[in-house]
Amino acid sequence: MQYNCAREMCGIAGYVGHRPAAPVLVDCLQRLEYRGYDSCGIAVVSDAGVFLRRSVGPIAEFREEVLSAAPTGTIGLGHTRWATHGRADLANAHPHASCDGAVLVVHNGVIENAFELRERLVRQGHRFTSDTDSEVVPHLLEQGLTEGLSMDEAVSKLPSQLVGSYAIVAVRQGQDELFVLRKGSPLVVGVGEGEYFPASDIPSFLPYAQRVIYLSEDEPFAIGRSGIRRLQGAGASRPAGPYLEVPEPVSLNVESVSKGSFQHFMIKEIMEQVGTIGRLLESPPATLATASELLRGAQSIKFVGAGTSYHASLYGQFLLATTLHLDSEACVSSEFQFRADALRPGAVVVALSQSGETADTLQAVRIARDRGARVIALVNSEGSSLTRAAEVVIPLRSGPELSVAATKSYTSQLVALTLLVERLSPDPMEGARTALEARDSLLELTSDAARAHIASLAHNLARHSQLLLIGRGGNYVTALEAALKIKEVAGVAAQAFPGGEMKHGPLALVAEGSPVILFYDRSQVDQAELAASELITRGAVIYTVGPQPLRSSSLHVRVHDAGAATAISQIIPMQLLAYELAKLRQLDPDHPKNLAKSVTVL
Ligand code: AGP
């Protein structure tokens, strides 16, 4: 039998406690929506039986319907899905159930041997109703129960049966506990007073619980109202029994995971940057010292990151070259595997990630460590997998970033790189000074007047489906990041090119009325004038971002020149532009089409 394996990359949440589970689960899932919003579902188990509801589309639409019908049971689980393979339809939505409907499971990750398991389970008489790899889990548990195992034993057997990565929460009708297990996919447990919240991420349960347990890999646990039990799993390193470790306090506050007075998380997070950058500059992480020592002794330096974090990596490479005349290489995380053979002893890999859960970046780090490289990580999300995989962690401390588009974590990455490189510099104050200058200009760049100015730029661009962004040196990094933001949230085919490359091909894209945004600094004004006149000759309309307008600027966005640190402030108007464009094009900037924030599958 051929089936299309649907790999799961999503948000999961569970609840056991004293409150009705359904509203808590829906609420927790809504704060996990940045991990996926193709479909969602919850299951609540009570004396009244199993209540299972699933829906295609975002949780807001599901909320009303489910809450009016849900029973008051106090144990349950839920899921919000980002479909990577397999349609985003009702059949593939979680939770998945066993044939008898008594075992319910939510899963995040990829079960690589799902096909073989499914074939065997079908031969044993199990009926499957979805394309997902996840559905093998409730059937495996049911099969174990049929063969006489207890639920504890059936769950404990899973690590020896499943190949791949998984975070799993399961519940069985008639049993007052949730069963949880993780390997290679994130799963933490929020701890309240007599209530527990297993979830993919801390923001999910933050309004309910401010203490957290970070689950170890491949150790199955059962969670009831009176505590957590460690089961005797195949991979378990410690004996079965009560979980006695003290939960860790969470440093995030509830406001950090709500929109407050803002319409979207994206604009809230853009506006927070004066504070996030300021905090990082005012109290630099202590680990910068160890990290800089590692870099000082490095035989070679590689940066790895995906998407926005890759752009920050390019900035790291740019900073090392321009301020320290040091050679390094920035590599897209997923491409690192093809360059790993070139790693030599003494290499240091600097991995960048907002979430700390990006599978491509974690894979790059694993490869690097296997080959003896030392690994420094710049990470925003506390307690994430990358913080455990790296040798030295520089926390970005920009707080939870819930909009799919990375904004404040990007500028924090640039600031952290500036601080790191500065430690190796003969003029150790230079980096912080320029970063402070850039930070100070943020107040002006996010003022009402500046936002209105960007809104008029957005009006000029809104009807275009294609946009070119051009810069040189550090400005090219901004062009790349701006293009990514505009693509993601506004659905415009925005492409970035280094200024010098235009005549080698991209100029062919320019026609009468084509919009082009040019980025430049003080030293590049003359070059930018030449580029602009070349583009205008071909019919382009020129918009400019720099310290002063060009003769041909149709609209200019002034950004104070702070040397290499200009990249920190220069991106702000472009984040605002992407946001305004999304709104004008009637798109939800927090939930871009086909995307999820944390890409936890390869
Ligand atoms: C940024 O706007 C994107 N959503 C995406 O490119 C992101 O930067 C990428 O997936 C890497 O994520 P990370 O920083 O959490 O590793």
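**Figure 1. Ile376 and its contacts in the predicted model.** This close-up comes from a predicted model and is centred on Ile376. Once the neighbours within four places in sequence are set aside, Ile376 is in contact with Ala291, Leu294 and Leu295. Further along the chain, Val348, Val349, Val350 and Ala351 also contact Ile376, as do Ala390, Val392 and Ile394.

**Figure 2. The largest nonpolar core, with 81 residues.** Here we step back from Ile376 to the core around it. Val350, Ile376, Leu378, Leu469, Ile486, Ile517 and Leu577 are the residues that touch the most other members of this core. If you are looking for the element that gives the most to the core, turn to helix H17, residues 566–584, with its eleven residues. Domain 2 (259–426) and domain 3 (444–589) each supply at least three residues to this core.

**Figure 3. Another nonpolar core, of 33 residues.** This view moves to a core that lies apart from the one in the previous figure. Among its residues are Ala22, Val24, Leu25 and Val250.

**Figure 4. The aromatic pair of Tyr15 and Phe197.** The structure holds five aromatic pairs, and this is one of them. Tyr15 and Phe197 are tilted, with 50 degrees between their planes and 5.0 Å from centre to centre. Tyr15 belongs to strand S1 (residues 8–16) and Phe197 to strand S10 (residues 196–199), so the pair ties together parts that are 182 residues apart in sequence. Are these two rings buried or exposed? Tyr15 is buried, at 0% relative accessibility, and Phe197 is buried too, with a relative accessible area of 1%.

**Figure 5. Phe197 again, now paired with Tyr208.** How are these two rings arranged? The pair is stacked: the planes are 20 degrees apart, and the centres are separated by 5.4 Å. Phe197 sits in strand S10, while Tyr208 is in the loop between S10 and strand S11 (211–214), eleven residues away. Both Phe197 and Tyr208 are buried. For the wider picture, follow the ring pairs that link Tyr15, Phe197, Phe205 and Tyr208 into a cluster.

**Figure 6. The domains of the protein.** To place the earlier views, it helps to have the domain bounds at hand. The domain assignment gives domain 1 (8–255), domain 2 (259–426) and domain 3 (444–589). Taken over C-alpha atoms, the centres of domain 1 and domain 3 are 44 Å apart.

Key:
Residues numbered from 1 in each chain as written. Predicted model: local features only at pLDDT ≥ 70, side-chain atom pairs only at ≥ 80, totals over all residues. Heavy atoms only, no water. Core = buried A, V, L, I, M, F, W, Y, C linked by side-chain atoms within 4.5 Å. Buried < 20%, exposed > 50% of the residue type's maximum accessible area, 1.4 Å probe, protein only. Helix = DSSP H or I, 4+ residues; strand = E, 2+ residues; numbered from the N terminus. Domains from an automatic or database assignment. Contact = heavy atoms within 4.5 Å. Phe/Tyr/Trp six-rings, centres within 6.5 Å; stacked < 30°, edge-to-face > 60°.
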